[in-house]
Amino acid sequence: MSTAVGGSAKHGARPRRRVSPPVPPDLATAPGYGARRMYQAYLAAWNRHVDPVLTGPQFAVLSAVRAYPGHDQTSLANAVALDTSTMADVCRRLEKRGLIARGPAPHDARAKVLTLTDEGAEAFREVTHRTRRLDEVLLAHCPPGRREEVAELLNDLGQLWEAVAEQPEL
């Protein structure tokens, strides 16, 4: 529990506003700190302005299933940057909500192919409008001609950082 600047509010004294210290310099220059901070802010914005129930990963899966109907769950996991166990959990939740259908793949009964249900297609359309609006607001201070470049840079960094995570040693 942190205390207000100036001590506690005992004996009827009004509590003073808490003052957060600045970010420590070693964190301010750490790319992981910036990435985590951006991600936390994005999750908060998503929950408030897009959908408090449908998560970003669930939306990504709906998007991939819409773009690649009939593909198997494992190949789509790679397309949306989810590990296979997280993908299986996300798909179970989406199937339980009636947004996707999972069935055996013709080439491998153990594999699950995914398709959007009508309800899933409708949910995707509705949420897409809100996600595009959020994207616009998040990039509002970025010059319009550079927004695609920023998105590409973020995706390139993600890909590079995934490769670092796979390295046995640094």
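Here is a walk through a predicted model, from its nonpolar core to its hairpin and its largest pocket.

Two bits of bookkeeping. Residues are numbered from 1 along each chain as its sequence is written. Local features need pLDDT of at least 70 and side-chain atom pairs pLDDT 80 or more, while totals for chains, interfaces and linings use all residues, and side-chain values use heavy atoms, without hydrogens or water.

Let's start inside. The largest nonpolar core (buried Ala, Val, Leu, Ile, Met, Phe, Trp, Tyr and Cys joined through side-chain atoms within 4.5 Å, with buried meaning under 20% relative accessible area for a 1.4 Å probe, protein chains only) has 24 residues. Leu-54, Val-61, Leu-62, Met-87, Leu-94 and Leu-114 have the most contacts inside this core. Helices H2 (31-49), H3 (56-67), H4 (73-79), H5 (84-96) and H6 (118-138) each give two or more residues to it, helices being DSSP runs of H or I, at least four residues, and strands E runs of at least two. The largest share, 5 residues, comes from H3.

Now follow Leu-114: leaving aside residues up to four places away in sequence, Leu-114 touches (heavy atoms within 4.5 Å) Met-87, Ile-100 and Ala-101, among others. Strands S1 (100-105) and S2 (108-116) pair antiparallel over 6 bridges, where pairing takes at least two DSSP bridges. Ala-101 has Thr-115 as its bridge partner in S2, and 2 residues sit between the strands of this hairpin.

Note on methods: Buried means under 20% relative accessible area, exposed over 50%, partly exposed in between (1.4 Å probe, protein chains only).
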